[in-house]
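Subject: Structure for your review

Dear colleague,

I am handing over the structure we spoke about, and below it you will find what came out of going through it. Please read the notes with the structure open beside you.

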Amino acid sequence: MNMHDLVKSQNEFFNSGVTRDITFRKKQLRKLKSLLKAHEKELCTAIHSDFRKSEFITLATEFSLIYTDIGLALKNLDTWAERKSIPTNLVNFPARSYVLAEPLGVSLIIGPWNYPYLLSLAPTVAAIAAGCTVILKPSELTRSTSAAIARLINDNFDPGFLKVVEGGVPETQELLKNKFDKIFFTGSPRVGKIIYQAAAEHLTPVTLELGGKCPAFVTADCNLKMVVKRLIWAKFINSGQTCNSPDYVMVEEKIRERFLKQCVEEIEKRAYSVENENYSQIINQTHLERLEALIDPAKVYYGGKVDKDARTVEPTILVDVRFNDKVMEEEIFGPLLPVIPYTDLDAAIEQVRSLPKPLACYVFSNNSEERKKVMQEISFGCGAENEAVMQITNRRLPFGGVGLSGIGKYNGEAGFREFSNYKSILRKTTHFELSLKYHPLTKMKLWWIRTFFKF
Ligand code: NAD
């Protein structure tokens with residue numbers, strides 16, 4: 001089936017009204033969960049062959065969250081989808097007002113490679129919960145994973161309802177020539193702009209889940225051991241290939257030395273190393289070379305080795321980094337941690353604000369004023385105080401960026417909303433009405449209008 005016919009068949013399926021039935025949606029969500037459960041082993045093998053992502057990491061960081069999302073949707077779908085009453089203004093008396101959620105329709109979901117199950121299937125769960133049909137295009141960079149998702153879904157679902165289309169740029173471009181009711185994209189800001197332009201052709205609503213340089217602040221007044229433990233985990237999980245992991249650290253100058261020593265101690269204690277089976281490979285040679293070019297040997301405090309055959313980069317700490325260094329000009333998306341000391345928190349915040357708005361921002365401090373300052377004065381999509389990355393595990397918290405890090409939010413009810421259109425409806429009785437709008441338009445009527453609208 002070509003792309004045009006596929007989109008046509010999804011439109012027909014959607015227009016049949018089947019997906020409007022909440023029971024149908026729940027049934028599909030349960031089916032997806034049991035399929036994933038039954039095929040966990042082979043799905044983990046597929047991702048391991050793509051970039052040596054371990055079974056533990058895949059289950060803990062991807063499947064756990066997909067199952068949570070399905071559970072949340074099954075539990076709350078009736079409430080999310082129910083008609084919501086809204087108070088009515090006096091001039092419409094007697095009447096009722098309400099808001100009715102309806103599925104947007106045929107959706108296109110485009111996924112990235114770094115958490116390929118989670119970032120393809122979490123939006124899919126949201127779309128199914130909202131009653132949309134889905135065409136899912138996983139990343140071509142995780143070839144085995146993409147094939148495994150395609151097999152799992154295409155062998156078990158009606159293509160008019162849910163279909164995986166594999167491929168890279170040409171296939172995605174071909175898909176984008178069609179009119180969708182919703183496009184949900186996760187990936188880089190560069191490709192995000194291409195998707196946004198394609199969507200503009202049909203004024204299709206988009207969600208763009210993009211990346212950026214996520215800062216972490218560590219102030220002198222902090223529980224250093226605990227802070228470093230959390231920060232190092234957040235940076236090196238999946239070898240730094242995590243969209244909301246701390247990209248760089250702003251550390252208060254007076255604890256710089258202690259902080260750096262503690263980081264090294266933590267990396268070695270927990271064996272964050274290329275020998276560790278839970279330390280993923282870099283996705284491909286292009287990214288490996290990109291990362292290698294970001295390592296200035298003169299600034300390496302720890303690590304720095306790149307192994308081209310094994311496709312790995314050692315956990316690396318960079319010091320004496322300046323904001324105009326190459327490593328600060330782009331999202332790192334790898335296991336390199338630039339550490340930038342500061343003496344004045346206001347000035348440090350100002351520096352961070354000179355960069356595009358990040359997806360996430362973190363602050364580690366025992367001082368609530370310092371935490372409040374960072375959380376309030378920097379614009380970002382999601383964040384955490386005294387923690388990093390873990391906010392994504394609370395699926396009731398909307399997740400997404402702002403500015404160059406994205407448009408729209410999902411997870412939990414926010415995901416349902418992202419794939420829904422909210423119809424605002426006024427319902428009147430025909431028994432009687434306040435006839436202020438009809439001729440003759442008298443002074444008395446204007447007086448009433450002024451009274452009702454309070455002007
Ligand atoms: P990418 O933008 O290169 O690719 C994402 C998807 O877009 C892939 O499916 C790819 O096939 C498709 N694509 C690539 N070029 C295209 C083109 N010219 N036209 C149409 N489609 C095209 O991103 P990636 O390398 O897969 O992922 C890494 C990026 O994603 C990082 O910037 C990271 O921060 C971001 N990311 C964001 C989130 C989030 O939730 N905000 C999550 C994960 C990754």
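**Strand β16 and the sheet around it**

Along β16 the side chains alternate between two faces, with Cys382 and Ala384 pointing to one face and being buried, while Gly383 and Glu385 point to the other face and are not buried. Please keep in mind throughout that this is a predicted model, and that what follows describes that model.

Strand β16 runs parallel to β15, which spans residues 360-364, and four bridges join the two; within this pairing, Cys361 has Gly383 of β16 as its bridge partner. Both strands belong to an open sheet of seven strands, whose order is β10-β13-β14-β9-β8-β15-β16 and whose pairing is mixed. Because β10 (300-302) and β16 stand at the edges and each has a single partner strand, one side of each is left without a neighbour in the sheet. On average, and with direction ignored, neighbouring strands of this sheet are turned by 25° against each other.

Elsewhere in this sheet, β8 (residues 215-218) pairs with β9 in the parallel sense, again through four bridges, and Val218 stands opposite Val251 of β9. Helix α10 lies across β8, β9, β10, β13 and β14, and runs at about 55° to β10.

**The packing of α9 and α10**

Helix α10 (residues 256-269) also packs with helix α9 (residues 224-236), at an angle of about 60° and with the two axes 9 Å apart. Since angles from 65 to 115 degrees count as roughly perpendicular and those under 35 as roughly parallel, α9 and α10 are therefore oblique to each other. Their crossing is right-handed. On the α9 side, the contact is made by Leu224, Lys225, Val228, Lys229, Leu231, Ile232 and Phe236, and on the α10 side by Arg258, Phe259, Gln262, Cys263, Glu266 and Ile267. Sorted by class, the contact of α9 with α10 has eight nonpolar residues, one polar residue and four charged residues.

**Backbone features in the loops**

Two cis peptide bonds may be worth a look when you go through the loops. One joins Phe93 and Pro94, with an omega of about 0°, and Pro94 lies in the loop between β1 (84-86) and β2 (95-103). The other runs from His439 to Pro440, with omega near -5°, and here Pro440 lies in the loop between β18 (420-428) and α15 (443-453).

Two residues that are not glycine have a positive phi. Ser239, with a phi of about 55°, lies in the loop between α9 and β9 (248-252), and Ser239 counts as buried because its relative accessible area is 1%, where the cut-off for buried is under 20%. Val389, with a phi near 70°, is found in the loop between β16 (382-385) and β17 (406-407), and Val389 is likewise buried, its relative accessible area being 6%.

**Two charged residues**

What is Asp325 in contact with, once its neighbours within four places in sequence are left aside? The contacts of Asp325 are then with Lys299 and Asp320. Asp325 has its place in the loop between β13 (316-318) and β14 (336-342), and with a relative accessible area of 17% Asp325 is buried.

Arg151, by contrast, is partly exposed, with a relative accessible area of 46%, and lies in helix α6 (residues 143-154). Leaving aside neighbours within four places in sequence, Arg151 is in contact with Glu42 and Asn156. Arg151 and Val164 are 13 residues apart in sequence, while their C-alpha atoms are 8.5 Å apart in space.

**The protein as a whole**

To set these details in their frame, the secondary structure of the protein comes to 15 helices and 18 strands, and the C-alpha atoms fill a box of roughly 85 × 55 × 35 Å, taken along the principal axes. Of the 455 residues, 53% count as buried. Among the contacts in the protein with a separation of 6 or more, 71% are between residues 24 or more positions apart.

With best regards

Key. Residues numbered from 1 in each chain as written. Predicted model: local features only at pLDDT ≥ 70, side-chain atom pairs only at ≥ 80, totals over all residues. Heavy atoms only, no water. Axes fitted to C-alpha atoms, helices over the stretch in contact; angles between N-to-C directions. Parallel < 35°, antiparallel > 145°, perpendicular 65-115°, else oblique. Left-handed = near helix turned anticlockwise from the far one by under 90°. Contact = heavy atoms within 4.5 Å. Nonpolar A, V, L, I, M, F, W, Y, C, P; charged D, E, K, R; others polar. Buried < 20%, exposed > 50% of the residue type's maximum accessible area, 1.4 Å probe, protein only. Pairing = 2+ DSSP bridges.
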